[in-house]
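Student: I have a model open and would like a close look at a single part of it. Could you take me through one strand and what surrounds it?

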Amino acid sequence: MITDVHTHNPDAADAILNINPGDDIPRNRPFSCGIHPWMTDRADNDTFTLLRQTLSNPGAVAIGETGIDLMRGAPRDIQTDIFVRHIRLSESLGLPIIIHSIRSWQEIINLRRQLKATQPWIFHGFRLKPEAALRLIEAGVIPSFGIRYNPESIKTAYPDHFLLETDDSAEGLPGVTRHIAETLGTDAEEVIRQATINASRIFKNIT
């Protein structure tokens, strides 16, 4: 079962491990792979060849993290072009996308609508206000919450439109879940149960 939809910790249990094109492919565990926005200034056709090769592995369950970061990485037009190429891969392979977005959430919504994307999109490390959460959810983009988040946003997304992640947090899933449970006024077991149910709707092939 998948509860943690995005981690950089290879020892994390019940989690999708994030790797980059060209990294060693993990054995016997689900992973995601994509060109991070911070890597867009050095991505080329060879990088995309490595990405496609990695995603052909049966352990690949998602594309990403990818997206648009207006604070770091290549210029906006290059990042957008690379993100669009990931979207097309997502649609052709039938894989969800894990999105890194900084100051670009409206652009993410616009691209989803313009390209008529049908695969699930996961907004990783969601810290925006509840108004943004609602707009993204309406567009088919699911917020994923880690150790830092806007309390009102997670209340808006819970229970049916939220996911859990540890990313690079040293506290791991127990710490993330404990914080979120306190915010929601419920117990950690219930948060994990609901997050796992939500993940199972997205990652049908591994849950």
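Tutor: Happily; what follows is a walk around strand E4 and outward from there. Keep in mind that this is a predicted model.

Let's begin with the strand itself. E4 covers residues 60–69, and 10 of the 10 are buried, so the strand is largely enclosed by the rest of the structure. What does the enclosing? Its strand partners are a good place to look.

One partner of E4 is strand E3, residues 31–33, which runs parallel to it and is joined to it by three bridges. If you want a landmark for this pairing, find cysteine 33, whose bridge partner in E4 is isoleucine 63. Another partner is strand E5, residues 97–102; here five bridges make the connection, and again the strands run parallel. Aspartate 69 is a handy marker for this pairing, since it stands opposite isoleucine 102 in E5.

Now follow the sheet past E3. Strand E2 pairs with E3 over three bridges, also in the parallel sense, and leucine 17 has phenylalanine 31 as its bridge partner in E3. Leucine 17 serves on the other pairing too: in E2, it is the bridge partner of threonine 7. That pairing involves strand E1, residues 4–7, which is joined to E2 by two bridges and runs parallel to it.

E2 makes a nice companion to E4. Five of the five residues in E2 (residues 15–19) are buried, so E2 too is largely enclosed by the rest of the structure. You can see this face by face: Ala15, Leu17 and Ile19 are buried on one side, while Ile16 and Asn18 are buried on the other.

Back to E4, and to the helix that comes after it. Together with helix H2 (residues 76–93) and E5, E4 makes a right-handed β-α-β unit. H2 has helical neighbours of its own, so let's take them in turn.

Helix H1, residues 45–55, has an axis that comes within 12 Å of the H2 axis, and the two cross at roughly 25°. H1 and H2 are therefore roughly parallel to each other, and H1 passes H2 in a right-handed crossing. On the H1 side the residues in contact are Asn45, Phe48, Leu51, Arg52 and Leu55, and they meet Ile82, Arg85, His86, Leu89 and Leu93 in H2. The spacing along such a list is worth a glance: an α-helix has 3.6 residues a turn, so residues three or four places apart point the same way.

The other helical neighbour is H3, residues 105–114. The axes of H2 and H3 also come within 12 Å, but here they cross at roughly 45°. That makes H2 oblique to H3. From H2, the contact uses Arg76, Thr80, Phe83, Val84 and Ile87; from H3, Glu107, Ile108 and Leu111. The crossing of H2 past H3 is right-handed.

H3 leads us one step further out, to helix H4 (residues 130–139). Among the residues buried in H4 are Ala133, Leu136 and Ile137. The buried residues of H4 pack against H3, and also against strand E6 (121–123), strand E7 (141–145) and helix H5 (151–157). Just after H4 comes glycine 140, with a positive phi near 95°.

To finish, compare all this with a spot in H5, where proline 151 lies. Proline 151 is partly exposed, with a relative accessible area of 39%. Its C-alpha is 30 Å from that of isoleucine 87, and the two are 64 residues apart in sequence.

Conventions. Residues numbered from 1 in each chain as written. Predicted model: local features only at pLDDT ≥ 70, side-chain atom pairs only at ≥ 80, totals over all residues. Heavy atoms only, no water. Buried < 20%, exposed > 50% of the residue type's maximum accessible area, 1.4 Å probe, protein only. Helix = DSSP H or I, 4+ residues; strand = E, 2+ residues; numbered from the N terminus. Pairing = 2+ DSSP bridges. Right-handed = clockwise from strand over helix to strand, strands pointing away. Axes fitted to C-alpha atoms, helices over the stretch in contact; angles between N-to-C directions. Parallel < 35°, antiparallel > 145°, perpendicular 65-115°, else oblique. Left-handed = near helix turned anticlockwise from the far one by under 90°. Contact = heavy atoms within 4.5 Å.
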